[in-house]
Amino acid sequence: MAKKSKKFLAALEKVNREQLYDASAALELVKEIDYAGFDASVEVAYRLGVDPKQADQQIRGAMVLPHGTGKTSTVIVFAKGDQAKAAQEAGADFVGDSDLVEKVQGGWFDFDVVVAAPDMMAEVGKLGRVLGPKGLMPNPKTGTVTPDVAKAVNDIKAGQVTYRVDRQSNIHVPIGKVSFDLNKLQENLVAIHETIVKAKPASSKGVYIKNMAVASTFGPGVKIDQSSVSK
């Protein structure tokens, strides 16, 4: 286990690890104990009572946070013709078809999100081995394979986040920056929480959300009382 820094341990001392905090109090504490030398991200983490090995319990999707994430993503779009033009007009950072596929195959990864028009997926599929491990492969479930590439670019630039349950039944989603005011962080948290709640698989039995916590990039997690996450 990695040794914890003195700053982390000092921050941890201010957190009651047995307490379920009110959502507002939890976010306020996360802001207070953050010690990063930059504007750190704030993330919510869920431990879910689902079995990711079951196809119908693989929770995955995307949504636009009310106040964005505080980060501007670099977006590339695989499209041609009118769709390529629409993507450029929407503010995509790089747009192309086979030429862009070759560029990525050559080892270029200076981007955060990949969007593709459906008629480009035969070409983009060649990049599965390089984009897949990085979690960058376009997927219809996250809105990154779509005939409306302009909308996808607009959503991403507006602060869209993706969520996906991992093998340990956890989901991690950024909800903003430490510099965000408390109300904006709380409204982003409510938005993603409502989305996760609605995503509960019909086949999931027992407790769905086992626990949830918020934390800054380097800071300790602060557990939240789910009942306090409301508008």
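Reader: How many of the eight residues of strand 8 are buried?

Author: This is a predicted model, where local features need pLDDT of at least 70, side-chain atom pairs count only at pLDDT 80 or more, and totals for chains, interfaces and linings use all residues. Residues are numbered from 1 along each chain as its sequence is written, and side-chain values use heavy atoms, with hydrogens and water left out. Buried means under 20% relative accessible area, exposed means over 50%, and partly exposed is in between (1.4 Å probe, protein chains only). Strand 8 covers residues 209–216 and is largely enclosed by the rest of the structure, because the number of its residues that are buried is six.

Reader: Okay, and which strand forms a hairpin with strand 8?

Author: Strands here are DSSP runs of E with at least two residues, helices are runs of H or I with at least four, and both are numbered from the N terminus. Two strands pair if DSSP finds at least two bridges between them. Strand 8 has two bridges to an antiparallel partner, and Ala-213 stands opposite Lys-223 there. With five residues in between, the hairpin partner is strand 9.

Reader: Which residue in strand 8 is the bridge partner of Val-42?

Author: Strands of a sheet pair through backbone hydrogen bonds, either parallel or antiparallel. Strand 1 and strand 8 go for the antiparallel way, with seven bridges. Look across from Val-42 and you'll find Ser-216.

Reader: What is the order of the strands in that open sheet of four?

Author: Strand 1 (residues 41–48) also pairs with strand 7, antiparallel and over seven bridges, and Arg-47 stands opposite Asn-170 there. Strand 7 (170–177) and strand 9 (222–223) each pair on one side only, which makes them the edge strands. Put together, the antiparallel sheet reads 7-1-8-9.

Reader: Which residue in the loop before strand 7 has a positive phi although it is not a glycine?

Author: Most residues other than glycine have a negative phi, and most peptide bonds are trans. The residue you want sits in the loop between strand 6 and strand 7, and its phi is about 70°. It counts as buried because its relative accessibility is 8%, and its name is Ser-169.

Reader: Which residues of strand 2 point to one face and are buried?

Author: In a regular strand the side chains alternate between the two faces of the sheet. Strand 2 shows this: Arg-60, Ala-62 and Val-64 point to one face and are not buried. Pointing to the other face, and buried, are Gly-61 and Met-63.

Reader: Which residue in strand 6 stands opposite Ala-62?

Author: Strand 2 and strand 6 run antiparallel and are joined by five bridges. In that pairing, Ala-62 faces Thr-162.

Reader: What covers the buried residues of helix 7?

Author: Helix 7 spans residues 149–157, and its buried residues are Val-149, Ala-150, Ala-152, Val-153, Asp-155 and Ile-156. Gly-159 comes after the helix, with a positive phi near 115°. Counting a contact as heavy atoms within 4.5 Å, the cover includes strand 2 (60–64), strand 3 (75–78), helix 3 (81–90), strand 5 (113–116) and strand 6 (160–164).

Reader: Is Glu-18 buried or exposed?

Author: Glu-18 is in the loop between helix 1 (6–12) and helix 2 (23–33). Its C-alpha atom is 26 Å from that of Ala-191, which is 173 residues away along the chain. Since its relative accessibility is 74%, Glu-18 counts as exposed.

Reader: What does Glu-28 count as?

Author: Glu-28 lies in helix 2. Its C-alpha atom and that of Leu-65, 37 residues apart along the chain, are separated by 19 Å. With a relative accessibility of 48%, Glu-28 counts as partly exposed.

Reader: Zooming out, what is the radius of gyration of the protein?

Author: The protein has eight helices and nine strands. The radius is taken over C-alpha atoms, and the globule rule is 2.2 Å times the number of residues to the power 0.38. For 231 residues that rule gives 17 Å, and the protein comes close to it, so it is as compact as a globular protein of that length, with a radius of 19 Å.

Reader: What share of the 231 residues is buried?

Author: The C-alpha atoms fill a box of roughly 55 × 45 × 40 Å, taken along the principal axes. Among contacts with a separation of 6 or more, 71% come from residues 24 or more positions apart. As for buried residues, their share is 45%.
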